[in-house]
Amino acid sequence: MTPVIQQNVSLRAFNTLALPSTAEYFCSVSEHSQLLQALEFARTSALVVTIIGGGSNIVLAGDIPGLVIQIDLRGVSHRYVTAAGNATGDLANAVDVTFAAGENWHQQVLFCLDQGWYGLENLSLIPGTMGAAPIQNIGAYGVELADRLISLQALDRQSGELVCFDRQSCEFGYRDSLFKHAGYDRYIIVDVTLRLSTKPEPNISYPALSAAVEAFCRREGLTSEAITPRLVSNLVSEIRRQKLPDPALLPNAGSFFKNPLLKQPQLNALLAQFEDMPNYPQPDGGAKIPAAWLIEQCGLKGAERGEVGVHDRQALVLINRGQASGAELLALAGEVRQSVEQRFAISLEIEPRIYGVN
Ligand code: EPU
């Protein structure tokens, strides 16, 4: 089927910040052939192409010229990994699951739990699509997508070919990948393969999660045997619901800033000045600092600026209180960055992708 390409389409419903923005041309593609046809339309009409998924990690700062393609490719397949043919035999409990890029992340986490495929439970309730997950290497509660990813396929817009990337070639880092740098605007991720385990191996190392698990077990009179991946998924979802606003009720894009990684000299200098600054040590001797703490110290937690604000339960989240424009939101982001820069000499990096800046 040929994709339906519409003109002047409102993108408000296609971004979880609910920012007003109009796409000059828009289409949603649910088949690979439709994606190719949409790209061909853009090429022959000399239109710039913007790719979106679930719209949960983008800031639409204005209208979007050219063609916006929403990736709605669907389908899930799997293959059990057997010990046979594998010299060490240590993969017998594994299953490789391939998800088309348009599949919803959280629905697939739940689907995998239902199948008895474990390893994604800590990443429960993250908004967005499978195809977007590798771009920012989604992570939460002690697990990152990079820990599970085996490979992904992407359409190379330069050559028109499908390219397979293994984990290493994705160049993953904290909230980072090749697709934010050299691969930006070049590759369109079409599917993602994750290696999951058929053996439950709950990871509750993240302090807030282990505290929640312990409290739950104490309350219910349970022992550590009762800690299943399903329980971890439920508790992670509960923590997220408490702290992070539901975009359907209070439009947001999750964490708006990355947690800064400081090198040792800067870390030591700041700790001498701010003794209680929380910090997570890194292998290089430096540390990751919760940006939410920095923002809170600047007195900006819960700040309201007209139609935009800093969430009152998680200072890392900027919210649209209803009728905000992208420009207002970016002005608040600028104020936050400036305050943190002035007080701590730390430059916060905006995490979501910004589109529509003239
Ligand atoms: N904190 C504050 N004030 C706040 C919130 C947090 O001071 O308002 C401090 C506390 O010291 C707290 C620490 O920050 O102990 C960590 O807070 P939290 O566990 O909420 O994690 P985070 O570092 O703020 C990161 C991710 C989240 C992810 C959580 C849990 C980034 C940019 N964000 O937030 O990811 O859910 O850890 O693992 O790394 C997202 O990317 O959209 C996202 C929500």
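**Entry 1: terms and overall form**

I take helices to be DSSP runs of H or I with at least four residues, numbered from the N terminus, and I take strands to be E runs of at least two. I note at the start that I am working with a predicted model. With those terms fixed, I looked up the secondary structure and found eight helices and 20 strands in the protein chain. The radius of gyration came out at 21 Å, close to the 21 Å that the globule rule gives for 358 residues, so I record the chain as being as compact as a globular protein of that length. Along the principal axes, the C-alpha atoms fill a box of roughly 60 × 60 × 40 Å. I also looked up burial, and 48% of the 358 residues count as buried.

**Entry 2: the shell around the ligand**

I next asked which element gives the most to the shell around the ligand. It is helix 7, which contributes three residues. Helix 7 spans 291-297, and at least two shell residues each also come from helix 5 (229-243) and strand 13 (252-255). The residues around the ligand number 22, and those that come nearest are Tyr 141, Tyr 174, Arg 175, Tyr 206 and Glu 296. Sorted by class, I have 13 nonpolar, four polar and five charged residues in this shell.

**Entry 3: polar contacts and cover**

I then went through the oxygen atoms of the ligand for polar partners. A polar backbone atom of Ser 255 is 2.8 Å from a ligand oxygen, and an N or O atom in the side chain of Asn 259 is likewise listed at 2.8 Å from an oxygen of the ligand. For Ala 315, a backbone N or O atom lies 3.1 Å from a ligand oxygen. On its own the ligand has 810 Å² of accessible area, of which the protein covers 83%.

**Entry 4: Glu 296 and Ala 315**

Glu 296, one of the residues that come nearest to the ligand, is found in helix 7. I checked its accessibility, and at 39% it counts as partly exposed. Ala 315 is 19 residues from Glu 296 along the chain, yet I find their C-alpha atoms separated by 6.3 Å.

**Entry 5: positive phi angles**

Where does Tyr 141 lie? I place it in the loop between strand 8 (139-140) and strand 9 (143-144), and its phi is positive, at about 50°, although it is not a glycine. Its relative accessibility is 10%, so I enter Tyr 141 as buried. Ala 18, also not a glycine, has a positive phi of about 55°, and it lies in the loop between strand 1 (6-10) and strand 2 (22-29). At 15% relative accessibility, Ala 18 counts as buried.

**Entry 6: cysteines**

How many disulfides are there? With a cut-off of 2.5 Å between cysteine sulfur atoms, the count comes to zero. Why is Cys 112 without a bond? The closest cysteine sulfur to that of Cys 112 belongs to Cys 170 and is 18 Å away, which is too far for a bond. Cys 112 is buried, with a relative accessible area of 0%. Cys 164 is in no disulfide either, and the nearest cysteine sulfur, again that of Cys 170, is 8.7 Å away. Unlike the buried Cys 112, Cys 164 counts as exposed, at 55% relative accessibility.

Methods:
Residues numbered from 1 in each chain as written. Predicted model: local features only at pLDDT ≥ 70, side-chain atom pairs only at ≥ 80, totals over all residues. Heavy atoms only, no water. Near = heavy atom within 4 Å. Polar contact = N/O pair within 3.5 Å; in protein donor to acceptor, adjacent residues only side chain to side chain. Areas by Shrake-Rupley, 256 points an atom, 1.4 Å probe, with all protein chains shown as cover. Nonpolar A, V, L, I, M, F, W, Y, C, P; charged D, E, K, R; others polar. Buried < 20%, exposed > 50% of the residue type's maximum accessible area, 1.4 Å probe, protein only. Rg over C-alpha atoms; globule rule 2.2 N^0.38 Å.
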